[in-house]
Amino acid sequence: MARTCIICGGPTGSREHIFPAALGGRRTNKGIYCADHNNNEYADLAGIISGQLALFNAHIGVVGDHASETTPVTMTDVASGREIELTNSQIRFKGPQIISQETVGKTIVAEMSFNSTKEAEEWVLEQKAKGFDVQLAPQGQKTRYRVGTAHAQIKLGGDEKGLRAIGYIAQTFLAHSFPDIARAPGLQGIKDYTLKNVGSGFVWWDFDPPDDLPANKFPFGHRVIVGLNKDDGTAYARISFFSTLNFAVLFGPVPFEASRSVITDIDPLAKAPPNDILSWTEDAAKGAVSKPDDLSASLAEAISSGKAQERISDLMRRIVDFDRQTAAKEIIDRIAGAAMLSEADRDKLFADIVSSETQRVFRLMRYVADDFRGRASTPVERTLSELLDKAVALDPASANGLTDEAGKSLAIACETLKKQMIEDSKAGILDQDRMEMLIGGGPGAHAVGNAIFQPIIMSFPDR
């Protein structure tokens, strides 16, 4: 059939992503929308879900199509109240930070931190453009700032515009898989809804999808199912983000002869085709959708029962596990020839490795302190807990985000973890599983806990 826009019937040719590029979608189709509807009318909706899923994208390390690196998500550092930018590979403050400032004569002298030399140079140019005479003093040393807790708001599908964005994705997939059906008059309602916000009841949260659907082929895979259900004569869709966040879509009545469905799993971590998707067709209405009486009931029940929070928490746990596994693999690759190094070179290698993982080490320290506080039941234990809390205390005003005492504790913990890695390496037991446990598991917490506890015990009266 001729390529015509499914909205206006005009000529197509605009190469739209059938799944949002920012979420890892790599495939395009030039036969669905005209340039105006793809680039203008639907441009806003295309970015809605990408923005709402940015937190998960950043944590996992998704690199959008045609992008060169992961887009950072902006969060708030609870201790300092300052905005930070986070990806799976770095945490940094958003923009320059003033550490201290004083007036000397008619000159303001400020100590500042920048994320890069380029950022510092751009800041100087901005100040000069405002009429300020800025002079840079010699560069100080590089310092990593340790973040305690950060938060960001998740608003996935939380309003009608978010649901329309999901409807738009489903509509695009339907046109990709069933081009004739997507142009049927019976689907005008969903098109008016996604384009003009006319009508309702097409898209809703689904916290109880069918349990006979196969598992996603990818660890954090997205899934889109579009199908035709002969039983009720409707076209439908199911969309799942990161194999966790599920939505159902009912397009409307359409003419067809037999049930059929197309299931597409999308790997957001794939860099390019052909291994970015797995798609197959079934001669059945797989995952068929029935419209509930109350479209908001599933979401309301999930929120009140804690199921929604549990789903998000489970996804974050999977992301943390994946991040730890990825980091451990990279470290194991770095130490492949450690056995052949001299003692001094081996020591330096592991010192560099632990130095690059200080945020993880600090998390282990905080875990130990939180765990001990939760179990402290006697006066002595509660006193020890207070001292341990001081050993991991934050100081937002300091260059590294820690108090002097916590900074010393971190140094002790890093030294201990380095020695444990070297010992395990010599013993031939430092494989990826062991490294995962040292940088983010029980063995690492045990080593770090003993290290920061020792000075406390030694200073404790009547030990």
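These legends walk through several close-up views of a predicted model.

**View 1. A cis peptide bond sits between Pro273 and Pro274.** Most peptide bonds are trans. The bond from Pro273 to Pro274 is cis, with omega near 10°. As for where to look, Pro274 belongs to the loop that connects strand 13 (260-266) with strand 14 (277-282).

**View 2. Two residues other than glycine, His66 and Ser243, take a positive phi**. A negative phi is what most residues other than glycine have. At His66, phi is about 70°. This residue, His66, is part of the loop between helix 3 (54-60) and strand 3 (73-77), and it is exposed, at 73% relative accessible area. Ser243 has its phi near 55°. Look for Ser243 in the loop that joins strand 11 (234-241) to strand 12 (245-253); with a relative accessibility of 33%, Ser243 is partly exposed.

**View 3. Six strands make an open antiparallel sheet**. Reading across the sheet, the order goes 9-12-11-10-13-14. Strand 9 (203-205) and strand 14 are the edge strands: each has a single partner, so one side of each has no neighbour in the sheet. On average, and ignoring direction, neighbouring strands here are turned by 15° against each other.

**View 4. Zooming in on that sheet, strand 11 and strand 12 run antiparallel and are joined by eight bridges**. In general, the strands of a sheet pair through backbone hydrogen bonds. To pick out one residue pair, start at Ser240: its bridge partner in strand 12 is Asn246. Ser243, with its positive phi, sits in the loop between these two strands.

**View 5. Helix 2 (residues 43-52) crosses helix 5 (residues 160-177) at roughly 110°**. The two axes come within 8 Å, and the crossing makes helix 2 roughly perpendicular to helix 5. On the helix 2 side, the contact is made by Asp44, Leu45, Ala46, Ile48, Ile49 and Gln52. Facing them from helix 5 are Lys161, Gly162, Arg164, Ala165, Ile166, Tyr168 and Ile169. By type, the contact residues split into eight nonpolar, two polar and three charged.

**View 6. The buried residues of helix 2 pack against several elements**. Leu45, Ile48, Ile49, Ser50 and Gln52 are the buried ones. Their packing partners are helix 3, helix 5, helix 7 (188-196) and strand 11. Leu45, Ile48, Ile49 and Gln52 also turn up in the contact with helix 5.

**View 7. Arg373 of helix 11 (residues 358-375) meets residues further along the chain**. Leaving out residues up to four places away in sequence, Arg373 touches Ser385 and Asp389. Ser385 is 12 residues from Arg373 along the chain, and their C-alpha atoms are 5.4 Å apart. As for accessibility, Arg373 is partly exposed, at 39%.

**View 8. Arg324 and Asp321 form a salt bridge inside helix 9 (residues 307-334)**. The N to O distance is 3.1 Å. The partners are three residues apart, about one turn of the helix. An α-helix has 3.6 residues a turn, so residues three or four places apart point the same way. Arg324 is buried at 12% relative accessible area, while Asp321 is partly exposed at 32%.

**View 9. Lys348 and Asp352 form a salt bridge within helix 10 (residues 343-356)**. Their closest N and O atoms are 3.0 Å apart. Being four residues apart, Lys348 and Asp352 are separated by about one helical turn. Lys348 is exposed, with a relative accessible area of 51%, and Asp352 is partly exposed, with 33%.

**View 10. A salt bridge between Glu343 and Lys426 links distant parts of the chain**. Here the closest N and O atoms are 3.4 Å apart. Glu343 is in helix 10 and Lys426 in helix 13 (residues 404-427), 83 residues apart. Both Glu343 and Lys426 are exposed.

**View 11. Asp347, Glu415, Lys418 and Lys419 are linked in a network of salt bridges**. For the wider setting, the model has a count of 22 salt bridges.

Notes
Residues numbered from 1 in each chain as written. Predicted model: local features only at pLDDT ≥ 70, side-chain atom pairs only at ≥ 80, totals over all residues. Heavy atoms only, no water. Buried < 20%, exposed > 50% of the residue type's maximum accessible area, 1.4 Å probe, protein only. Pairing = 2+ DSSP bridges. Axes fitted to C-alpha atoms, helices over the stretch in contact; angles between N-to-C directions. Contact = heavy atoms within 4.5 Å. Parallel < 35°, antiparallel > 145°, perpendicular 65-115°, else oblique. Nonpolar A, V, L, I, M, F, W, Y, C, P; charged D, E, K, R; others polar. Salt bridge = Lys/Arg side-chain N within 4 Å of Asp/Glu carboxyl O.
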